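Open the model in your viewer and keep the selection tool at hand. The stops below are meant to be taken in order.

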Amino acid sequence: MAAKSYEAGVRKYYGDRLTNISGDTTSEEIRHVYDNWASEYDKNVVDAARCVCHKPLAESLDGALKDNFPEKAKDDLKIIDVGAGTGLIGIELQKLGYSNLQALDISPEMLKEAKKRNIYKRFFCVALSDQQIPEIQTGEFDALICAGSLLAGHIRAAAFEEMVRMVKHGGIICFNVRDGQLDDYREKIQELERTARWEVISKNAVSFFETEEMPRETYAFLFRVLGK
């Protein structure tokens with residue numbers, strides 16, 4: 001659930017959809033919420049609440065990929081969008097010249113909306129956790145991006161294990177966490193650093209929402225995968 005200071009804004013723009021979501025919410029309950037929200041999601045989140053984080057997150061990943069794969073064409077870089085939803089990150093990555101994009105989301109209805117954009121080459125309808133996804137090979141992707149899905153009841157910290165597995169050695173992981181949720185992820189982030197599974201490239205504040213009732217900034221993280 002949203003941090004207390006933003007509960008009024010969440011309710012104003014999203015209604016009661018996220019009111020009862022907590023760390024105890026099950027994957028099936030999350031799937032149900034987003035299946036029922038899919039057709040109005042963009043209208044509520046982008047048009048009304050004015051969420052703008054997708055562009056700076058995509059640009060952050062773009063910069064890291066240019067630095068890490070300077071000789072590789074953008075069309076050859078294989079990227080998975082985790083918690084892809086209706087494809088808002090995919091739109092921004094496509095604008096930046098990336099075309100080898102795949103989408104993962106827990107909600108089939110959200111992925112139906114994403115498919116309409118004709119951006120992604122492959123879709124995975126599955127919950128992301130610490131369990132391996134059989135359809136995804138170890139080190140399959142050059143990069144992974146996850147926007148707006150690391151929060152209570154959604155993608156939990158243990159899922160970083162599977163994120164790291166999906167991305168090749170030297171590949172990039174990009175995600176955002178809002179300040180009020182960071183404590184839920186800090187321990188796992190630091191564990192993966194201590195055990196040399198990944199190394200931090202950057203942590204920067206980027207724009208999140210443009211309405212006063214919602215958080216104006218979120219932390220954008222970039223990590224380089226070091227090992228499996």
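**Stop 1: the annotated span**

Begin by selecting residues 79–171, where UniProt, in an unreviewed entry, places the feature "domain: Methyltransferase". What you are looking at is a predicted model. The C-alpha atoms at the two ends of residues 79–171 are 10 Å apart. Helix makes up 25% of this span and strand 26%.

**Stop 2: the cores**

Next, select Tyr-14, Leu-61, Leu-65, Ile-79 and Leu-93. These residues touch the most other members of the largest nonpolar core, which has 47 residues. Helix 4 (residues 54–68) supplies the largest share of this core, with five residues.

Now centre on Ile-79. Leaving aside residues up to four places away in sequence, its contacts are Leu-61, Leu-65, Leu-93, Tyr-98, Asn-100, Leu-101, Gln-102, Phe-141, Ala-143 and Ile-145. A separate core of 30 residues lies apart from the largest one; Met-163, Val-177, Leu-182 and Phe-223 are among its members.

**Stop 3: Asn-100**

Go to Asn-100, one of the contacts of Ile-79. Asn-100 sits in the loop that runs between helix 5 (88–95) and strand 2 (101–105). Is Asn-100 buried or exposed? Its relative accessibility is 15%, so Asn-100 counts as buried, the cut-off being under 20%. Besides Ile-79, Asn-100 touches Asp-75, Asp-76, Leu-77, Lys-78 and Lys-121, again not counting residues up to four places away in sequence.

**Stop 4: aromatic rings**

Show the side chains of the aromatic residues. How many aromatic pairs does a search of the whole structure find? The search gives 14. One of them joins Tyr-120 and Phe-123 edge-to-face, with 5.8 Å from centre to centre and 70° between the planes. Tyr-120 is buried at 9% relative accessibility, whereas Phe-123, at 26%, is partly exposed.

Move on to Phe-208 and Phe-209. Their rings form a tilted pair, 4.6 Å centre to centre with 45° between the planes. Phe-208 is buried at 8% relative accessibility, and Phe-209 is buried at 6%.

Then select Phe-160, Phe-175, Tyr-185, Trp-198, Phe-221 and Phe-223, which form one aromatic cluster. Phe-223 also appeared at the second stop, as a member of the 30-residue core.

**Stop 5: charges over rings**

Finish with two lysines. Lys-203 has its charged end over the ring of Tyr-219, at 4.3 Å from the ring centre. Lys-72 lies over the face of Phe-69, and here the distance to the ring centre is 5.8 Å.

Key. Residues are numbered from 1 along each chain as its sequence is written. This is a predicted model: local features need pLDDT of at least 70, side-chain atom pairs count only at pLDDT 80 or more; totals for chains, interfaces and linings use all residues. Side-chain values use heavy atoms; hydrogens and water are left out. Rings of Phe, Tyr and Trp (its six-membered ring) pair if their centres lie within 6.5 Å; planes under 30 degrees apart count as stacked, over 60 as edge-to-face and the rest as tilted. Buried means under 20% relative accessible area, exposed over 50%, partly exposed in between (1.4 Å probe, protein chains only). A charge sits over a ring if NZ of Lys or CZ of Arg is within 6 Å of the ring centre and within 35 degrees of the ring normal. Helices (H or I, at least four residues) and strands (E, at least two) are DSSP runs, numbered from the N terminus. Contact means heavy atoms within 4.5 Å. UniProt positions are given in the numbering used here, feature names are shortened, and annotations may be inferred rather than shown by experiment. A nonpolar core is a set of buried Ala, Val, Leu, Ile, Met, Phe, Trp, Tyr and Cys residues joined through side-chain atoms within 4.5 Å.
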